Each structure stands twice: as C-alpha cells, then as structure tokens.
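Please open the structure in your viewer and keep the selection tool at hand. The tour below goes from stop to stop, naming what to select and what is found there.

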Amino acid sequence: MANTANLTGVGNLGVAIADPLIGSTTPNTAEILEVTGQGEVSVPTTLTEVQLGIKVQGKTATEVQQATAQRSTAVVDVLQNLGAQELQTTSIQLNPVYSYENNTQTLIGFEGLNTLEFELPTNQAGAAIDKAIQAGANVIDNISFTASDQALQQARLQVLSEAVKDAQAQAQAVFSTLQLTPGEIIKIDINSDDNPRLSPLVSNLTADGAFATATTSIIGGPQTIKASVSLDIGYSPNSAGTPACATDNLTGVRNLGVAIADPLIGSTTPNTAEILEVTGQGEVNVTTTLTEVQLGIKVQGKTATEVQQAAAQRSTAVVYVLQNLGAQELQTTSIQLNPVYSDENNTQTLTGFEGLNTLEFELPTNQAGAAIDKAIQAGANVIENISFTASDQALQQARLQVLSEAVKDAQAQAQAVFNTLKLTPGEIIKIDINSDDNPRPSPLVSNLAADGAFATATTPVIGGPQTIKASVSLDIGYSPNSAVILDLPLNGLQQFA
C-alpha cells in the first residue's frame, strides 16, 4: 500500500516528506504531482463602515453652500459625540441644476452634497445612522462590514493551514488511486486572497428626517477569508509486484504502480518525446441539505418617515421570527429608501417613497419552507432568491471522490490507447490536478409583492443536487514493443511497426 497516510495531517507532513521506511525519495525532476489546496474561513464581523451625505438644493450657490455647511457641522458633532472612528470627509460637491425646455437650457438652481465616512461597532451603527439623519444627513452611500485586524490576522493563518490540509488530502486521494509512493515536497507556493470586504449595502435616502423616530436594525454578515497553497510533491512508483499484463492494470485502482515499473521489463524511463498525455474527468452529484434564502420587506407610503418606520417595524418582527427558528448566517444584505416619482407633461412629481430591507439566512432544507411562511406572515413580502448547498463535510468528501474518479477515467483512456497501439506503459512522469471551483447551483428566483402571500399555505422547498467536478492530467511515459507489428493501415500504405 502506498505510504500516503501522512499527507492528510498538518502535524505529520514532515514524516511524509522523508519517511525512514522508504528512505529519501528525491525524484526525477519530471516525476512531480502538482496540487493546489483551497482554504476558506468565515470571520464574524464586528465593525460597520458607513458613508452618508448631506444633500441640499436651492436657488443660489451661496444659499446651498451655507445650508450644506450648517447641516454637515451638525452631523459631524453628533458622530464625534457618539465616538465614531475614522471620521473623515470623502467628498464636497456643488453643481448647477438646469431645466431643458424647447431645446433651451435654463439654470434653475444649485445642488450641494457633502459626504462623510465613519466606523463604529456594528451594534452601535444603526443608532448612529438614525441620529446623523436627524441632524441633517439625508443620503446613505453605502454600508460595509469588517472584522477586527486581530481577527483577520488569525483567520489568515488559519486559512493557510486549511489550504495545506486540502492539498494533502487531494494528494493522498491521487497517490492512493495510482498506488504511487510520495516523496519530498519540492516546492510550496502560497497564494493568499486579497480578502476584499463584503459588498456594501447600498441605499439612497433623499428626504430629510427619514430616520427621525425609528431605530434602524443592522446585522453584520461574516467576512470570508480565502487562500490557496500549491505543492509540488515528488513521487516514485511502487514496484512491489508483477502484473499479469502491462496494460491490464491501468483500469484498476490498486495496480497501476506495478504496471508502471515492472521488475520483469525494468524501469522504463522514456525519451522525453515518448509520452502519452491524458486527462480524466470526474463528476459527483452531492445531495444538498441546506437552503440559503434572501427575502425582503418592501413598503410604500406618502412620506419617507412613514415608509422607514413601517419597514423598520416589520423588519424587526421578521428578524425575531427567524432568530427563534434558529436561522443561521442571518444578516442584513441591503437597506434602501428611494423617492417615487410620476412623469406627466415632461414634469417629474414626487408621489411618495418606497423602502426595501433585505435579509439573508440559512436553514436545513426541510425547515426552509416553514421559515419562509412564518417570515412572510411577520411582514416579509419579497423573496429575492433561494439556493441550495451541501454541508462542508459532504462537499469535502465529494471533492476527494471526484479526484479518484478522474484518475480512473484517465487510466481507462490510457489503457485503450496503449492496448490499441501495443505499447508498453512506463512511469507516470507528471500529474496535474484541476479541481472545479464547485459553484453553487443556480438560485431559484421569485418575486412576491403582495403582503401575506404565504399566510395560510406551507411552501414546499426541494433542494436539487450540487455537482462537483475535477480533472486529473497524467503524463505517462512508454516504450514501443518491438516484438509486435502494429496492425494500423493508413490510407492504403504499407503497415509499419
């Protein structure tokens, strides 16, 4: 049995590199398995960054500038008193406003916008937004979440360890299937992710005092840290047995190493040109058990305050229901409040406001339908999407299984070619693993715009399978069998060996 057990643990990697039972296996530079492991860690976010603005319109530039300055000063005072960190001005704009009629451009006034950015603990951010808007802010540019520097640094180290373990597990799956003996790790490449912050929550608030009386609830989502580690691992074939046929063992899992270095035919280190390049494909369907849901609370009304208060109240009720149901990964994904206009006779008239708060959560699929029903009874009235995924454990098992399937497929292809050409296979010169990114299934898309859409019915939710794919490429050396004449007529020409 190939010595691959130590490839699966971080603590035992050094043993696999130089096993005293097999000696130092410094390989031919061409006999290398190239494998890349992926690591991913979700870090709870604790800080919220907010960009908000003060937008003012008026007849003259002086009037607009003075009003913007006064309201900006009031907002800054409020945020400083609340202990906002990293408080800074990010833009100051003053622009003329024109009307167009009968192909004539007419100056009708000016618009000013001052934008500020600040950071606070997420549990304080909602109240800070409310008080800033009471003080004069009326635009939210974006909201984003981040973890602390210490938590991010710990996650970066953890994710590297996870990536190494994944590379080891993949290598073990391939070596075990091919019956190869792992040697030294020749090269290690670390590819850390830039770790971008979560996509911001985008919102537009254009009415003064929009958050005058209600409290905005903000739930920060996790921040995902990713990294990959690539290992070049040398190997040597297992020559512990004698095959019945030099190519028969290419279709089996356990005997390929014997076929590669048959003691009866000797080591078959090939001419560099005598190589068969073959790529095997593997695909495994994994049963999904988890459902991710994005749903929203959409409200329309005459005033921004009316809409915001209704959206806040209903959002709070939905969050309470989902928390009581044990929803995981519950987070706010967007907060929007926008004016609604009518256009008549080339005139735009403000007719009201529309607010939309969006939440995302995860539950076992057999609980997701009831959770959607209860959330909509509590006030949700939009479902943006639903997607399904398997558990992390099931996905990891599938990734290793699919690598084995890809190796078997490459072996079967090689056997067919070698048998037809009557060639004698030699050593496996190189192995490349190309794992799939394993995207999640396309989400189910739905739009529900009527309140209480699921008030009395139970929603059936049936998750589809998640497909995992991978390919493994083998470079297999070979030597021609001079004792056999190839029966390959080509266009009526003479047969040749």
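In which loop is Lys 422 found? Select Lys 422 and its surroundings, and you will find the residue in the loop between α8 (392–421) and β14 (423–435). The model you are looking at is a predicted one, and in it the phi of Lys 422 is near 55°, a positive value in a residue other than glycine. With a relative accessibility of 36%, Lys 422 counts as partly exposed.

**The whole chain**

Now zoom out and show the protein as a cartoon. Its secondary structure comes to 8 helices and 16 strands, and of its 497 residues, 45% are buried. If you consider the contacts between residues at least 6 apart in sequence, 85% of them join residues at least 24 apart.

**Glu 86**

Select strand β3 (residues 85–101), where Glu 86 is found. Glu 86 is not a glycine, yet its phi is positive, at about 55°. The relative accessible area of Glu 86 is 55%, and since exposed means over 50%, Glu 86 is classed as exposed.

**Helix α3 and its surroundings**

Next select helix α3 (residues 122–135), whose 14 residues should span 20 Å at 1.5 Å a residue; the end C-alpha atoms are 20 Å apart, which agrees with that expectation. Colour its buried residues, which are Thr 122, Ala 125, Gly 126, Ala 128, Ile 129, Asp 130, Ala 132 and Ile 133. To see what these buried residues pack against, add β2 (47–58), α2 (61–81), β4 (104–121) and β5 (139–146) to the view. Just after α3, select Gly 136, which takes a positive phi of about 140°.

Keep α3 and α2 on the screen and hide the rest. The two helices pack at an angle of about 150°, with their axes 8 Å apart, and because angles over 145 degrees count as roughly antiparallel, α2 and α3 are roughly antiparallel to each other. The crossing in which α2 passes α3 is right-handed. Show side chains where they meet: Arg 71, Ala 74, Val 75, Val 78 and Leu 79 come from α2, while Ala 128, Lys 131, Ala 132 and Ala 135 come from α3. In reading such a list, it helps to recall that an α-helix has 3.6 residues a turn, so residues three or four places apart point the same way.

**Helix α4 and an aromatic pair**

Move on to helix α4 (residues 149–178), which has 30 residues and reaches 44 Å from its first C-alpha to its last, close to the 44 Å expected at 1.5 Å a residue. Just after α4 comes Gln 179, with a positive phi of about 55°.

How many aromatic pairs are there? Counting rings whose centres lie within 6.5 Å, the total is 2 aromatic pairs. One of them is formed by Phe 175 and Tyr 235, whose ring centres are 6.0 Å apart and whose planes stand at 55°, so the pair is tilted. This pair links distant parts of the chain, since Phe 175 belongs to helix α4 and Tyr 235 to strand β8 (residues 223–237), 60 residues apart. Phe 175 is buried, at 0% relative accessibility, and Tyr 235 is buried too, with a relative accessible area of 2%.

**Helices α6 and α7**

Select helix α6 (residues 304–324) together with helix α7 (residues 365–378), and look at how their axes come within 8 Å and cross at roughly 150°. At that angle α6 and α7 are therefore roughly antiparallel to each other, and α6 passes α7 in a right-handed crossing. Where they meet, α6 contributes Arg 314, Ala 317, Val 318, Val 321 and Leu 322, and α7 contributes Ala 371, Lys 374, Ala 375 and Ala 378.

While α7 is still selected, pick out Gln 367, which lies in this helix and is partly exposed, with a relative accessible area of 38%. Then draw a distance from Gln 367 to Leu 325: they are 42 residues apart along the chain, and their C-alpha atoms are separated by 8.9 Å.

**Last stop: Asn 285**

Finally, select Asn 285 in strand β9 (residues 275–286). Which residues is Asn 285 in contact with, leaving aside its neighbours within four places in sequence? They are Pro 465, Gln 466 and Thr 467. Add Gly 464 as well, which is 179 residues from Asn 285 in sequence and 9.6 Å from it in space, C-alpha to C-alpha.

Key: Residues are numbered from 1 along each chain as its sequence is written. This is a predicted model: local features need pLDDT of at least 70, side-chain atom pairs count only at pLDDT 80 or more; totals for chains, interfaces and linings use all residues. Side-chain values use heavy atoms; hydrogens and water are left out. Helices (H or I, at least four residues) and strands (E, at least two) are DSSP runs, numbered from the N terminus. The expected span of a helix is 1.5 Å times one less than its number of residues. Rings of Phe, Tyr and Trp (its six-membered ring) pair if their centres lie within 6.5 Å; planes under 30 degrees apart count as stacked, over 60 as edge-to-face and the rest as tilted. Buried means under 20% relative accessible area, exposed over 50%, partly exposed in between (1.4 Å probe, protein chains only). Axes are lines fitted to C-alpha atoms, for helices over the stretch in contact, and angles run from 0 to 180 degrees between N-to-C directions. Angles under 35 degrees count as roughly parallel, over 145 as roughly antiparallel, 65 to 115 as roughly perpendicular and the rest as oblique. A crossing is left-handed if the near helix is turned anticlockwise from the far one by less than a right angle, and right-handed if clockwise. Contact means heavy atoms within 4.5 Å.
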